[in-house]
Amino acid sequence: MKVTVDRDLCIGAGNCALTAPAVFDQDVEEAVVILLDESPPESELVAVRQAVDRCPAAVIQLHP
Amino acid sequence: MSLPALPLPSEDVQPFDPPPEYADLRSSGEVIRVACPTGLDAWLVSDYAGVREVLGDGRRFSARPGQASHMLASYGPDAPVDNFTRWDGPEHIRIRRNFAPQVTHARRLAELWPLVERITDEAITAMLASPQPYPLHSRFSTSITTSVIAELIGVPPAERHLLGQAAGALFTTSTTPQELREALTPLYTYLYQAVATRRVQPGDDVLSRMIEHSADSDRPLTDGELTEMNAALLVAGFDTTASMITHGLVTLLNKPGEWEKLVADPDVATSAADELVRYLGVGTGLLRQATEDTEINGQKIKTGEYVVVAVQSGNRDPALHADADALDVARKPGPHLGFGHGAHACVGQQIARMELTTVLRALATRVPTLRVAVPLDSLRWKTDSVVRGPVELPVAWS
Ligand code: HEM
Ligand code: SF4
């Protein structure tokens, strides 16, 4: 799986980092999403799917 | 023919559930035209996918009319667009970028847990030393959430009454524009002065950190913006959360087995916090306005028309959880809409989760025999406010 994020539209709500901390973090300055792993292992699939659903700004994309 | 009225929560029907009209509307996905309390007519969207689509697309559905202008007489949809809660697009994102490091960043939140835990522990100690029945909403829930947000922003105890005054007027449906101005002015005056003071004497509070953080950006926040942003945190921050604690507890205590799950494992508090917001949140709905001719669930909506999204109904859609009408405090948090969705989704949602989790965990641990001290049907419910819940909740323990 491949994950992409659109940082320009991120509102820094932090749900991604809470839901899938191995894949997402937030930068210190603006709390904007940081993609830690753009090709996370299959074991992260469920968490990444949840992060996609829980991102209020809909800026996380999952490409199977 | 006159339009049907927007269905609203009422104390005599069911204090925990959306009005019964929503069940059929939601399952058909039908979008109907309704008359709202403030006199505007709107399209009503009540299914999960529809609510999510409207809130998630700020380009087609603007926040410009104000999130509750269908409910609040004080805040007409044609009033000047005076603050970020009614902005769309990049201007709004700029403000959100200035909030996020202070109130949603995971590392910042880690620093705030001890504060919330201390305030909660002190409130429980005070409660246990008091005579029963104990008025939980005013003395416990409101006291905790007021202290948390006031300490975050650095508002000293002597000025904290300004919050209650401002929020009371803002969330009450019958407040006139004039009354609202009068109720908000003292808080704004205080904050405006606080901005000036913190510019020269910064502390470790959210306001000082916002000033410092934005100082090196291309467009630093103005005094007016800082005042507006901190007023929004203060006013949106305590009454919503206090009501959710109180409304959440009376709901939990009334559903067989739910409180027991928490007592058996106080760490269930984490999922319980999200579940209560899903179950009870935003009963009066949120307002948006179409910016172009568009459609929702096949219903044509014209440019300029209003749309009300019934958030609580959307959260009870079997499309979200097969048993969405059941409260289950152990339910793994899903993508519910109780904190909104899209660019305006609640700024304070991580703080609210932290407060709810801490309070539920601490009560289940220290006051496992907690119960509502009066029959449910003798409770009075707020009906003149967009923040729902019991007016007061007398509780007891043994
Ligand atoms: C359980 C408690 C809470 C609930 C259910 C709640 C719910 C919501 C919802 C549904 C919205 C979205 C409104 C819209 O889309 O038009 C919102 C926005 C907002 N909330 Fe909360 N909230 C809670 C607690 C808090 C707290 C603790 C704070 C402050 C620390 C806060 C500050 C705000 C602000 C400033 C906005 C406006 C955001 C914007 O327009 O960009 N809320 N809240
Ligand atoms: S959940 Fe979405 S909006 Fe929030 S920080 Fe992550 S990517 Fe950004």
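**Figure 1. Arg108(B), Glu111(B), Asp204(B) and Arg209(B) form a linked network of salt bridges.** The model is predicted. One link in the network joins the side chains of Arg209(B) and Asp204(B), with N and O 3.1 Å apart. Asp204(B) is exposed, at a relative accessible area of 57%. Over all chains, the structure holds 27 salt bridges.

**Figure 2. Arg198(B) and Asp205(B) pair through their side chains in a salt bridge.** The N to O distance is 2.8 Å. Arg198(B) counts as buried, at 12% relative accessibility. Asp205(B) also counts as buried, at 11%. Both values fall under the 20% cut-off for buried residues.

**Figure 3. A salt bridge connects Arg316(B) to Asp17(B).** The closest N and O atoms are 2.9 Å apart. Arg316(B) sits in the loop between helix H12 (311-315) and helix H13 (349-366) of chain B, and Asp17(B) in the segment before helix H1 (21-28) of chain B, so the pair ties together parts 299 residues apart in sequence. Arg316(B) is buried, with a relative accessible area of 2%.

**Figure 4. Cys346(B) is the single protein donor to the iron atom of ligand 1.** The donor atom is SG, 2.3 Å from the iron. Cys346(B) lies in the loop between H12 and H13 of chain B. Arg316(B), shown in Figure 3, lies in the loop between H12 and H13 of chain B too.

**Figure 5. Chain A meets chain B through 24 residues of chain A and 23 residues of chain B.** The two chains bury about 1,900 Å² between them. Carbon and sulfur atoms account for 47% of that area. Ile11(A), Arg54(A) and Pro56(A) supply 31% of the area that chain A buries against chain B, more than any other three residues.

**Figure 6. Arg54(A) reaches across the interface to form a salt bridge with Asp274(B).** The closest N and O atoms are 3.6 Å apart. The count between chain A and chain B is 1 salt bridge. Polar contacts across this interface involve 12 residue pairs. On the side of chain A that touches chain B, the elements giving two or more residues are helix H1 (15-19), strand S2 (24-26) and helix H2 (45-54) of chain A. H2(A) gives the most, with 4 residues. By class, this side of chain A has 11 nonpolar, 5 polar and 8 charged residues.

Notes: Residues numbered from 1 in each chain as written. Chains lettered and ligands numbered in written order. Predicted model: local features only at pLDDT ≥ 70, side-chain atom pairs only at ≥ 80, totals over all residues. Heavy atoms only, no water. Salt bridge = Lys/Arg side-chain N within 4 Å of Asp/Glu carboxyl O. Buried < 20%, exposed > 50% of the residue type's maximum accessible area, 1.4 Å probe, protein only. Donors = N, O, S within 2.8 Å, 3.2 Å for Na, K, Ca; no water. Contact = heavy atoms within 4.5 Å. Buried area = accessible area lost by both parts, 1.4 Å probe. Polar contact = N/O pair within 3.5 Å; in protein donor to acceptor, adjacent residues only side chain to side chain. Nonpolar A, V, L, I, M, F, W, Y, C, P; charged D, E, K, R; others polar.
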